[in-house]
Amino acid sequence: MGPAAVLALADLREERRRAELRQRLHERLDQWLDRVEERVKEPKPTLEQLTQAVWELRQELMGGLTEEILHQRYGAEVAQQTASCPRCGRLVAARAPVSRTLDTLLGSVQVSRPYFYCTACQHGVSPLDDALGLAEGRKQFDVQKAAAKLAAEVPYDTAQELFAELTGVPLSTERLHALTNAVANGVGVLDVAPTQEEIMAKIAAVAAGRRWRPILVLAIDGADVPTRPETAKGRRRGRKRQRAKRARWTGQWREAKGFRFYLVDDDRIVHLLSWHQIQDDEALFAALQAVKEAGLIPEELVRLCVLADGARWIWNRVKVLFPTAEEILDYYHWAERVHKLAEVQYGDHPEKALEWVEATMARLFAGEVDGGIWGLQRLRPATAEAAAEIEQLIGYLQNNRERINYRSQRKAGYPLGSGGIESANKFICHVRLKRSGAWWYVANGNHMLALRCAKYNRTFDRVFERYRQQMLEKSRQNNP
Ligand SMILES: [Zn+2]
């Protein structure tokens, strides 16, 4: 046989395989149509009756079609008779095929694949699982990804209900819990950060056509998150089946500390990177340092400013990491303090309180810190509590004097506040974690925060990919 004839024969085989596949797909479709007809007995159903039947049976069809295509593509692997043992290299004969059910977003797919067991090594493999990139267990990665995405947005109960309704794939809340924690396990700031290229592209877009380098804001902020102690995990011995009627632990509000980098483009904010965790100052600054060392913030291309509250530890650390950054005391933080003082001082006279707040704020907003301090010193405290508040506020303003250069800072285009309650940090923490009755173990709360940051930074797909690769690697190790 000449080469042309061999080619023609290969073409012919390919042609035949395709024809066979088509034939089988049509058969599946016919079977499926029978099922639809069984459901819809009315000769003239309403559109809803029709769509409902098709909707409920859609996974039988789609899963079935997927199954046929898979079997056609992997015909050789499914029929594989021998394989060499990955441990000793011996040739091993296939055992009876083992069937697996894979739950995908398209429905269940059955795969019957050969299993090879080396008696010398007492080790078995299914090479097809690896080739297909299968997750261990029934629920495949597409299901896991969609579920983790949803669970990062809404409470577990709602996620479970919506997920089953919208995808037709049931998943328990326990499974959703476990999945969220697995996907976010070990995720750090650099895992949720956009790449250097992505950040540079955003900076370039804002800088285009401008004389001045764009302003890049680093806002350091916290938000309270309800947590529960680790001790809430254990149950009393000997009473395993009995649930405690009353919680034997008390919840605690803890601060999720974090930061956000964003660009200021006139009145618009261009988000770059958020990272929030229930963590101490050390961990917060270690994350900031990692961002800096990864070269994600091109300080020479922007005018960097740092917005934070008056906490001294923050500013000391900021100075070390970003010595040339413009430091700005977040307007919303000290505005809160001014309001609090007014409440204590003028509790019985709300109109007086308002008048005083407005005058003080106007003065400080104009950058007249000394004038503001002088006004406070002149104030006759109404109570001992007011006296303490006044003293505190004076100290606060004195310590942060150079960070309230609002007149020149405003002129240079720097923002004076991070947006108070609407800030991304609070959004990330509160929307999902602050639910009535929900108290988070710190580790789980941090997992959820990591996924929420990833979504906010638009890096969720990358975080999931990291998880998928880890899971595949794990299966390979269990089953090398
Ligand atoms: Zn072997």
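These entries record what I looked up in a predicted model of one protein chain.

**Entry 1. Overall form.** I began with the secondary structure and found 19 helices and 10 strands in the chain. I then looked up the radius of gyration, which is 31 Å; the globule rule gives 23 Å for 480 residues, so the chain is more spread out than a compact globule. Along the principal axes, I noted a C-alpha trace spanning about 105 × 65 × 60 Å.

**Entry 2. Burial, contacts and surface.** I found that 41% of the 480 residues count as buried. For contacts with a separation of 6 or more, I recorded that 70% join residues 24 or more positions apart. The exposed area of the chain is about 27,000 Å², and I noted that carbon and sulfur atoms supply 51% of this area.

**Entry 3. Charges.** I counted 71 positive and 62 negative charges, whose mean positions lie 5 Å apart.

**Entry 4. Aromatic rings.** I looked up the aromatic pairs and found 14 in the structure. I examined the pair Y156 and W440: the ring centres are 6.5 Å apart and the planes stand at 45°, so I entered the pair as tilted. Y156 belongs to helix 6 (residues 156–167) and W440 to strand 10 (residues 440–441), so this pair ties together parts that are 284 residues apart in sequence. I checked the accessibility of each partner. Y156 has 9% relative accessibility and counts as buried; W440, at 8%, also counts as buried, the cut-off being under 20%. Elsewhere in my list, I noted one aromatic cluster formed by Y331, Y332, W334, F365 and Y406.

Conventions. Residues are numbered from 1 along each chain as its sequence is written. This is a predicted model: local features need pLDDT of at least 70, side-chain atom pairs count only at pLDDT 80 or more; totals for chains, interfaces and linings use all residues. Side-chain values use heavy atoms; hydrogens and water are left out. Helices (H or I, at least four residues) and strands (E, at least two) are DSSP runs, numbered from the N terminus. The radius of gyration is taken over C-alpha atoms; the globule rule is 2.2 Å times the number of residues to the power 0.38. Buried means under 20% relative accessible area, exposed over 50%, partly exposed in between (1.4 Å probe, protein chains only). Contact means heavy atoms within 4.5 Å. Accessible areas come from the Shrake-Rupley method with a 1.4 Å probe; for residues, only the protein chains shown count as cover. Lys and Arg count as positive and Asp and Glu as negative; His and the chain ends are not counted. The place of a charge is taken as NZ of Lys, CZ of Arg, CG of Asp or CD of Glu. Rings of Phe, Tyr and Trp (its six-membered ring) pair if their centres lie within 6.5 Å; planes under 30 degrees apart count as stacked, over 60 as edge-to-face and the rest as tilted.
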